[in-house]
Structures are given as C-alpha cells and as structure tokens.
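Q: Could you walk me through the reasoning behind the labels used for this protein?

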Amino acid sequence: MNNTITFTPAPHLLAILLPNDEGEEKKLASGLFVPGTRTVDTVIKGKVIGIGRDVKSADEYRDRVVMVGRFAGTEVTLDEQKYLFVEDKYVLGIYHGDIL
C-alpha cells in the first residue's frame, strides 16, 4: 500500500515547503533553555513545491526558494513536515543560487 500524500494547491496559491528549524531558544548561563523564547525571523524562506493553476508567473516560482512575510498564508503540518500555503502576491522575493 502506498501511503504517499499528494495535493495540489488551490488555483491562486503557492505551496511552500518550510525548513524544520524553529529558531533558537534563549539559553541561561546554567545551561537551561527558557521555554517560549525562540527567536523568530520576520520573514520565512522555503521551497515552492506546488503552484495553483491560476498563478500568473508559475514558471518564475517553480522549484525556487522564496521569501514571504512571517504572517502571510496558512501553515499546515502533514507527516511532521511543515508547509505554507500563500498567495503569490505575498512573495517578497526569490532567492537565486543554492540556498536550501
């Protein structure tokens, strides 16, 4: 039996694969980590893995690493992997070269 999940984003959305790191927690001099003190970037970078059929510049995004705002889109976790579904208008930029 094949347990692979496949999906296609809604027509106007990009599906972005997010890295699993959550930032760093604050570490005290004693070596203890303080819960809830992870540093979080104001932007998110991730690889575009799915493109809705109505995205106008689909070839520009295909298999590229993009930067989006921290609160743009909807984050979903499937099989312990995080994905972000976001409209292409919220993409702040496209990375060039090997970034992930």
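A: Gladly, and please keep in mind that this is a predicted model. Let's begin with Asp 63, which sits in the loop between helix 1 (58–61) and strand 5 (65–69).

Q: Why is Asp 63 called exposed or buried, whichever it is?

A: The relative accessibility of Asp 63 is 53%. The label "exposed" asks for over 50%, so Asp 63 counts as exposed.

Q: What makes Lys 47 and Val 48 contacts of Asp 63?

A: Contact means heavy atoms within 4.5 Å. Asp 63 touches both Lys 47 and Val 48, with residues up to four places away in sequence not counted. As for Ile 51, its C-alpha lies 9.6 Å from that of Asp 63, and the two are 12 residues apart in sequence.

Q: How do you know that strand 1 pairs with strand 7?

A: Two strands pair if there are at least two bridges between them. Strand 1 (residues 13–17) and strand 7 (residues 81–87) are joined by five bridges, so the criterion is met, and they run antiparallel. Looking at one position, Ala 15 has Phe 85 in strand 7 as its bridge partner.

Q: What makes strand 4 a partner of strand 1?

A: The reasoning uses the cut-off of at least two bridges again. Strand 4 (residues 43–51) and strand 1 share four bridges in the antiparallel sense. Here Ile 16 stands opposite Val 48.

Q: How do you know that strand 5 is paired with strand 4 and with strand 8?

A: Strand 4 is joined to strand 5 by five bridges, and strand 5 to strand 8 by three. At least two are needed, so both pairs qualify. Both run antiparallel. Gly 46 faces Val 66 across the first pairing, while Met 67 stands opposite Gly 93 in the second.

Q: Why are strand 6 and strand 8 said to stand at the edges?

A: The open sheet has six strands in the order 6-7-1-4-5-8, with antiparallel pairing. Strand 6 (74–78) and strand 8 (91–94) each have a single partner strand, so one side of each is left without a neighbour in the sheet. From one strand to the next, the twist averages 40 degrees.

Q: What makes strand 5 largely enclosed?

A: A residue is buried under 20% relative accessible area. Four of the five residues of strand 5 are buried, so the rest of the structure largely encloses this strand. Strand 1 is mostly covered, with four of its five residues buried.

Terms used
Residues are numbered from 1 along each chain as its sequence is written. This is a predicted model: local features need pLDDT of at least 70, side-chain atom pairs count only at pLDDT 80 or more; totals for chains, interfaces and linings use all residues. Side-chain values use heavy atoms; hydrogens and water are left out. Buried means under 20% relative accessible area, exposed over 50%, partly exposed in between (1.4 Å probe, protein chains only). Helices (H or I, at least four residues) and strands (E, at least two) are DSSP runs, numbered from the N terminus. Axes are lines fitted to C-alpha atoms, for helices over the stretch in contact, and angles run from 0 to 180 degrees between N-to-C directions.
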